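Let's take a walk through this one together, starting with an open space and ending with some unusual backbone angles. Have the 3D view ready to turn as you read.

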Amino acid sequence: MRCYCCSSKSFDECCGPFIKGDKHPSSAEQLMRSRFSAYATAHYQYILETYTKEKQQGLSVEDLAQSAQGATWFALKVHPTLAASSVDSLVGNSVSSTEDSSIDSTVHADAKVEAVTNAEPISKTNLKSISKPNNAIVEFTAYYFENKSMYQLHETSNFSVEDGKWRYHDGVLHDDCGKIKYGRNLPCVCGSNKKFKQCCATKSR
């Protein structure tokens, strides 16, 4: 089975070992992908444990499960201009927003997005380029269904290394988060090369 994070690997070769605790992500992008897969498979303990210690203090497994209730996470797109560094690398990428012309971006921010990600709406003051050892930024768009409607979560996330392990700290939300319209005959957002109606659209409740 292809991994939930939409990589070219299977779940057992990609995010599975991280969620099971057999391995630890070696980059911020790997951690971000595994956290998405954890949401897709309802492994909220892993999500809690991969926050920074500061952020863990205000969260619980129950809080995370409640905030994600009703959402079916089904596809992830990592924006390559912000690919994260490994633990031993330096990150000096500047943040840039990308658009997908096939998606109707005239949407409104969804309250669930902020609840699930602990992120803030994006602004010029809180969107930064990080250029320090053991810190990284990753920009991604995650897709989910809720009440048979399709939503997207577009975030630029901040990661740091604590005790030798990558951890998610917080993020900023782009203004195209929320409910979207996506054509059923368009290529699926998961990158399977199938039509949306023949692929992830079948996961809608």
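The second largest pocket in this predicted model has a volume of about 200 Å³. Who sits around it? The pocket is lined by 13 residues, and Arg2, Cys3, Tyr4, Phe74 and Lys203 are the ones nearest its centre. If you sort the lining by class, you get 10 nonpolar residues, 1 polar and 2 charged. Strand E1, which covers residues 72–78, gives the largest share of that lining, with 3 residues. As for how such spaces are found, rolling a probe the size of a water molecule over the atoms shows where empty space is left.

Stay with strand E1 for a moment, and look for Thr72, which lies in it. Is Thr72 buried or exposed? Its relative accessible area is 15%, and the cut-off for buried is under 20%, so Thr72 counts as buried. Now find Tyr151: it is 79 residues from Thr72 in sequence, yet the two C-alpha atoms are 9.9 Å apart in space.

Tyr151 also takes us to the aromatic rings. It belongs to a cluster in which ring pairs link Phe36, Tyr39, Tyr44, Trp73, Tyr144 and Tyr151. How many aromatic pairs does the structure hold? The count is 13. One of them joins Tyr4 and Phe11, with 5.3 Å from centre to centre and 85° between the planes, which makes the pair edge-to-face. You've met Tyr4 already, as one of the residues nearest the centre of the second largest pocket. The two partners sit in unlike surroundings: Tyr4 is partly exposed at 29% relative accessibility, whereas Phe11 is buried at 14%. Rings can have charged company too: the charged end of Arg35 sits over the ring of Tyr51, 4.4 Å from its centre.

Next, the cysteines. How many disulfides are there? The count comes to 0. Cys3, another residue from around the pocket centre, shows why a bond isn't assigned: its closest cysteine sulfur, in Cys15, is 3.6 Å away, and a disulfide needs the two sulfurs within 2.5 Å, so this pair is too far apart. Cys3 is buried, with a relative accessible area of 3%. Cys177 is buried as well, at 1%. Further along you'll find Cys199, in the segment after strand E6 (178–180). At 15% relative accessibility, Cys199 also counts as buried. Val189 is 10 residues from Cys199 along the chain, and their C-alpha atoms are separated by 9.3 Å.

One more cysteine leads to the backbone. Most residues other than glycine have a negative phi, and most peptide bonds are trans. Cys6 isn't a glycine, but its phi is positive, at about 70°. You can spot Cys6 in the segment before helix H1 (16–20), and it is buried, with a relative accessible area of 14%. Asp163 has a positive phi too, of about 55°, and is likewise not a glycine. Where does Asp163 lie? Look in the loop between strand E4 (149–162) and strand E5 (165–173). There the relative accessible area is 63%, over the 50% cut-off, so Asp163 counts as exposed. So these two positive phi values turn up in contrasting places, with Cys6 buried and Asp163 exposed.

How values were computed
Residues are numbered from 1 along each chain as its sequence is written. This is a predicted model: local features need pLDDT of at least 70, side-chain atom pairs count only at pLDDT 80 or more; totals for chains, interfaces and linings use all residues. Side-chain values use heavy atoms; hydrogens and water are left out. On a 1 Å grid over the protein atoms alone, a cavity is a set of points where a 1.4 Å probe fits but cannot get out, and a pocket is an open set with protein on both sides within 12 Å along at least five of seven lines; lining residues have an atom within 4 Å of a point. Grid points are joined across faces, edges and corners, and a volume is the space filled by probe spheres set on the points. Helices (H or I, at least four residues) and strands (E, at least two) are DSSP runs, numbered from the N terminus. Ala, Val, Leu, Ile, Met, Phe, Trp, Tyr, Cys and Pro count as nonpolar, Asp, Glu, Lys and Arg as charged, and the others, Gly among them, as polar. Buried means under 20% relative accessible area, exposed over 50%, partly exposed in between (1.4 Å probe, protein chains only). Rings of Phe, Tyr and Trp (its six-membered ring) pair if their centres lie within 6.5 Å; planes under 30 degrees apart count as stacked, over 60 as edge-to-face and the rest as tilted. A charge sits over a ring if NZ of Lys or CZ of Arg is within 6 Å of the ring centre and within 35 degrees of the ring normal.
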